[in-house]
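Trainee: I'd like to take a close look at just one part of this protein. Could you walk me through a sheet, slowly?

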Amino acid sequence: MDSSRSRCCILLLVLFGISIQYQCYASGIDTNQAVLLFVNASEASARKIPDTLFGIFFEEINHAGAGGLWAELVSNRGFESGGSFVPSIIEPWAIIGDDSSVIVSTDLSSCFVRNKVALRVQVLCDIEGANICPGGGVGVYNPGFWGMNIEQGKRYKLVFYVRSEEPINLSVALTGSNGLKKLATTTVIAANVSNWTKMLVLLEAEGTDPNSRLELRSTTKGVIWFDQVSLMPLDTYNGHGFRNDLFGMLKDLKPAFLRFPGGCFVEGDYLRNAFRWKETIGPWEERPGHYGDKWKYWTDDGLGHFEFLQLSEDLRVLPVWVFNNGISHNDQVDTSSILPFVEDILDGLEFARGAPNSRWGSVRAAMGHPEPFDLRYVAIGNEDCNKPYYLGNYLKFYSAIKEAYPDIKIISNCDGSSKALDHPADLYDFHIYTSASYMFSNANHFDGALRSGPKAFISEYAAHDDAGNGNLLAALGEAGFLIGVEKNSDVIEMASYAPLFANTNDWGWKADAIVFDSSQAYGIPRYWMQHLFKESNGATLLNSTLQANPSNSLIASAITWRNETDKNEYLRIKVVNFGSSTITLNISICGSENTLQRSGATKTILTSNSVKAENSFTYPKNVSLVKTMLEEVSEDTDVEVFENMDVGLLPYSITSLELLKNPPALRTAATASDLESSF
């Protein structure tokens, strides 16, 4: 920008500031206030936003994975819920028949070393004689996670292990919730299954029911053992086991990274129930599963360490592995005894990044992924900074990882936003759960953060206290906070919302970005709000200033970004109005080497007539983004120097303006009238 243009920008800022002050004074109590947003679009004042700024955080909470993103339809498939004890908990499995026809129990006869519990079904009735089995036979059924979603025309792979001293003749069926409506049926006959035998059956549904169940029945007297019963739809994403609709909602956010697998899930209330990566790899039948004692449910760990890395790759994002550092909520390992934990994590890194002929890289290769995963970030623990042994344990992990993998960025649990850390780290973790208004006011939290040293990873943020089931007010508070994140992206490298998913039947923590049941899903207002930030990764942040901001109820940012689809550059201005008044925003853009094209400019708004408005299965987009053409653009302006427009901001709203930038070459070829009309 030349000196004359620079002086013009300064003069405009002064003049518009005087104008706005006069308008505010003259309007008195007029609720339609006028505010100036000055945007300096010159390259000299711009700054690149990190490619990694906005991502997602997955935790196994609210049945997010087991019964959610992980498409396994059978709940408690190995009968291990509650651990390797007998009699063990078989719920939600239930008995078909009565005490005169069938006896169901458990024992430790499984062929799998790490999960010994098997289901024993003693059929007392027969196809003939005094005790004839009821129609269809007796046995067990599994309703899945609050109903299996079976859809007409789709195919499902059933795998189970069976053993019996007698020949078997089993009826396998997918039925409605009461067992009366048959959606898919087949017969499994085998003459010799005296040793554990794997059975694989493909079932094609002839009907649809989101509350279906799987049935295993027999009409032949004898004893049959079952173990590791799995039912998976064949149409998971890339065949990798992820439920398509939920995966698609994640992909639509265009995240830069995936933090996994927690959260408190990593720690556990007790170390015996913490997530152990080695217990979650290898053939699914051999995984023991574990009880997530923090969130109070069993998971068979079908969604394990390998699957999280695969999920990251499928989403084309960077994985961020959070691992246990020998600390849970109620017990911890002394630093003098932490070495086995350190070695375990080094093994986990080799599993992810090692050559296919290395010890743990070969295990990954055997699972179908010979190439290393692109693991660049690890977090040592979760919310453990104030635990007595954290710092000592942390330093042991840090030294060992840096020696083996010097390029890996290590994340500390300790907050470095207000004072320097007393230990080495590449990033520090920052969590914030609060009210919507306090979240909005925290947009400037990082204004005073140290500009050197480790950068921030805001791995968990949410307006939680007054969010209800996920209302508009919470989304606006978070939007204001995220604009603050953008403005401080020189000291913030990553940010992700928490929690991500909730099964509506197990909503223990609210509010979650995506809510689902067996067959449908919707995003709450904050899910849609995050769509307005998905192009910010790697974009250019412009210098923007608000003048005459009433009660500090507005916050705004401006970026330029390149659309990889149409290869065009756009200027995006986002403004959150966290107040109850309508605002007229006068936007002055100065210093751009490009003209802004009038035609095709758009305005996207997230708002509602109530700040408590929410979405639901009935009204999944009650509060969602509404995009229209932008018409409030002045035509009496010299576009070569600056652009000026008035935009109305509704109360309690976020507004995003999208303007197409024309390159300078196009501008020089145009006439003055062309320039004026184009903007």
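Trainee: In the open sheet of 3 strands, what is the strand order, and is the pairing mixed or not mixed?

Mentor: Happy to! Keep in mind that we're looking at a predicted model. The sheet is an open one with 3 strands, its order is 24-25-26, and the pairing is mixed. Here's the general idea: backbone hydrogen bonds are what pair the strands of a sheet, and the pairing can be parallel or antiparallel. Now find the edges. Strand 24 (501-503) and strand 26 (521-523) are the edge strands, each pairing on one side only. On average, neighbouring strands here are turned by 20° against each other, if you ignore direction.

Let's zoom in on one pair. Strand 25, residues 514-516, runs antiparallel to strand 26, and 3 bridges join the two. You can pick out one of the partnerships yourself: start at Phe516 and look across to strand 26, where its bridge partner is Ala521.

Next, bring a helix into view. Helix 2, made of residues 244-251, lies across strand 24, strand 25 and strand 26. Compare its direction with that of strand 26 and you'll get an angle of about 15°.

If you want somewhere to go afterwards, try the largest pocket, which holds about 710 Å³ of space. Its lining has 30 residues, and those nearest the centre are Trp70, Lys157, Met232, Gly239 and Trp284. Among the elements giving two or more residues to that lining are strand 9 (155-164) and helix 4 (305-315). By type, the lining residues split into 13 nonpolar, 10 polar and 7 charged.

Note on methods: Residues are numbered from 1 along each chain as its sequence is written. This is a predicted model: local features need pLDDT of at least 70, side-chain atom pairs count only at pLDDT 80 or more; totals for chains, interfaces and linings use all residues. Side-chain values use heavy atoms; hydrogens and water are left out. On a 1 Å grid over the protein atoms alone, a cavity is a set of points where a 1.4 Å probe fits but cannot get out, and a pocket is an open set with protein on both sides within 12 Å along at least five of seven lines; lining residues have an atom within 4 Å of a point. Grid points are joined across faces, edges and corners, and a volume is the space filled by probe spheres set on the points. Helices (H or I, at least four residues) and strands (E, at least two) are DSSP runs, numbered from the N terminus. Ala, Val, Leu, Ile, Met, Phe, Trp, Tyr, Cys and Pro count as nonpolar, Asp, Glu, Lys and Arg as charged, and the others, Gly among them, as polar. Two strands pair if DSSP finds at least two bridges between them. Axes are lines fitted to C-alpha atoms, for helices over the stretch in contact, and angles run from 0 to 180 degrees between N-to-C directions. Contact means heavy atoms within 4.5 Å.
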